[in-house]
Amino acid sequence: MLAFCEGDAAAFDALFRRWAARLLRYLERMLRDAGLAEELVQEVFLRVYGARGSYRPEARFSTWLYRIATNLALNELRRPRRSRPHASLDDAAAEALASDDPPSDDLTHARRSVAAVDRALGDVPERQRAALWLVAVEGLSYAEVAASLGVSESAVKALVHRARESLAARLETRGSSAEGEGSP
Amino acid sequence: MTGPSDCGRGEDLSALLDGELAPERDAELRAHLAGCARCRAQLASLARVDVLLAGIPVRETSADLQARLRARIAAEDEAGALAGRGRGRRTGGPLQASRRVRALAAACAAAAAALALYFFAPRTPTPLPQGPETPVAQVPAPARDPDFDALPAEEIAVGLELDTAQDLDVIANLDLVEALAAQGKDAG
């Protein structure tokens with residue numbers, strides 16, 4: 001980012017290549033809409049581009065990037081038209097992976113579990129979802145997430161745990177029902 | 001949230017996974033875990049969520065996303081430049097108004113001089129009266145304002161509250177108008 005701020009245009013492309021796909025994964029989880037998530041990835045990078053004259057490296061670049069993305073996502077989720085979640089996220093693929101059919105092997109079982117947690121994540125309240133993803137997947141600290149969400153660190157601790165516990169319970173329920181269906 | 005499966009230590013179990021516990025609390029919890037199968041099971045259940053979340057694949061962005069981004073940046077840069085020009089127009093508004101005022105002042109002076117010529121200029125080629133008064137013919141012509149010169153006739157007409165720019169032509173051709181008027185009188 002600093003190279004870009006100093007006028008290295010190629011550095012902006014490098015930032016995009018490095019972060020766009022990860023941001024997309026996060027925004028897809030937040031918005032449950034693949035097309036909208038791509039739009040917001042663009043929007044994040046437009047903000048990055050626009051900040052080239054004022055950027056101050058007060059925090060890790062990734063923290064700043066996810067803060068922008070989180071704010072954009074939460075704003076987007078507040079719009080009335082966000083009343084239909086899961087509208088266009090790759091449901092077909094997720095559904096295929098999350099099929100309740102008995103797993104044929106460990107890999108298939110693992111894929112189905114991943115798809116199941118992804119789907120369950122969509123039902124977790126958005127701030128919990130953001131907090132858990134940023135901490136557990138993106139590796140942000142509670143303090144960094146607290147700054148992104150505008151809450152205290154203890155609130156982040158609670159948000160992360162509630163999301164994790166909720167997902168764990170869903171996976172356990174799903175595992176139990178799959179076992180029940182699989183038994184004679 | 002706490003529950004019976006975590007001895008009321010649920011949030012701390014999550015914080016342990018996240019490496020966010022203070023050292024004393026971390027050590028205390030680890031000691032508890034060594035003797036509590038329920039909390040160990042709960043910790044494993046929470047940790048499994050993280051493993052599964054990390055397994056959600058990173059999907060590449062659309063092939064043309066970067067190109068679309070570049071296009072938007074170019075468009076926004078252009079829009080910014082246009083907005084700059086727009087701001088120029090906005091700040092230029094008063095400047096242009098000021099220019100109009102100066103141009104109209106010059107136009108008024110020109111019109112006054114023309115009217116003075118019309119009313120006071122000798123109708124016959126008699127010598128100009130000599131006296132203390134400044135001969136009308138010697139009234140200095142208003143300084144030419146380049147802005148005025150560049151101003152469209154319509155703007156001048158509006159500034160002088162004239163009906164049309166044709167009125168300006170009348171003023172500019174008073175001699176001809178006067179001659180035509182005289183011919184009309186003669187004919188009458």
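**View 1. Helix H6 of chain A crosses helix H3 of chain B roughly perpendicular to it.** This is a predicted model, in which local features need pLDDT of at least 70, side-chain atom pairs count only at pLDDT 80 or more, and totals for chains, interfaces and linings use all residues. Residues are numbered from 1 along each chain as its sequence is written, while chains are lettered from A and ligands numbered from 1 in the order in which they are written. H6(A) and H3(B) (residues 37-54) pack at an angle of about 100°, with their axes 8 Å apart. Axes are lines fitted to C-alpha atoms, for helices over the stretch in contact, and angles run from 0 to 180 degrees between N-to-C directions. The pair is called roughly perpendicular because that term covers 65 to 115 degrees; under 35 counts as roughly parallel, over 145 as roughly antiparallel, and the rest as oblique. Ser113(A), Val114(A) and Val117(A) meet Val49(B), Leu52(B) and Leu53(B). Contact here is C-beta atoms, placed from the backbone, within 7 Å. By class, this contact has 5 nonpolar, 1 polar and no charged residues. Ala, Val, Leu, Ile, Met, Phe, Trp, Tyr, Cys and Pro count as nonpolar, Asp, Glu, Lys and Arg as charged, and the others, Gly among them, as polar.

**View 2. The side of chain A that touches chain B.** In total, 32 residues of chain A are in contact with 29 residues of chain B. H2, H3, H6, H7 and H9 of chain A each give two or more residues to this side. The largest share, 11 residues, comes from H9(A). By class, the side divides into 20 nonpolar, 3 polar and 9 charged residues. The model scores ipTM 0.83 and pTM 0.64.

**View 3. Helix H4 of chain A and its cover.** Chain A has 9 helices and 0 strands. Helices (H or I, at least four residues) and strands (E, at least two) are DSSP runs, numbered from the N terminus. H4(A) holds 18 residues, 61-78, and its end C-alpha atoms are 26 Å apart, in agreement with the expected 26 Å. That expected span is 1.5 Å times one less than the number of residues. Buried residues of H4(A) include Trp64(A), Tyr66(A), Ile68(A) and Glu76(A). A residue is buried if 20 or more other C-beta atoms lie within 10 Å of its own, exposed if 12 or fewer, and partly exposed in between, with C-beta atoms placed from the backbone. The cover over the buried residues includes H2, H3, H7 and H8 of chain A.

**View 4. Arg127(A) in helix H7 of chain A.** Is Arg127(A) buried or exposed? Arg127(A) is buried, because 20 other C-beta atoms lie within 10 Å. Leaving aside neighbours within four places in sequence, Arg127(A) is in contact with Leu149(A) and Leu159(A). Arg127(A) and Thr70(A) are 57 residues apart in sequence, yet 9.3 Å apart in space, C-alpha to C-alpha.

**View 5. Helix H2 of chain B, and confidence along chain B.** H2(B) has 13 residues and reaches 19 Å from its first C-alpha to its last, close to the 18 Å expected. H2(B) is hardly covered: its count of buried residues is 1. Among the elements of chain B, H2(B) has the highest mean pLDDT (96) and H6(B) the lowest (42). pLDDT is the predictor's confidence in each residue, from 0 to 100. Over residues 84-108 of chain B the pLDDT is below 50. Residues 114-171 of chain B also have pLDDT below 50. The mean for chain B is 63, and 40% of its residues reach 70 or more.

Conventions:
Two residues are in contact if their C-beta atoms, placed from the backbone, lie within 7 Å.
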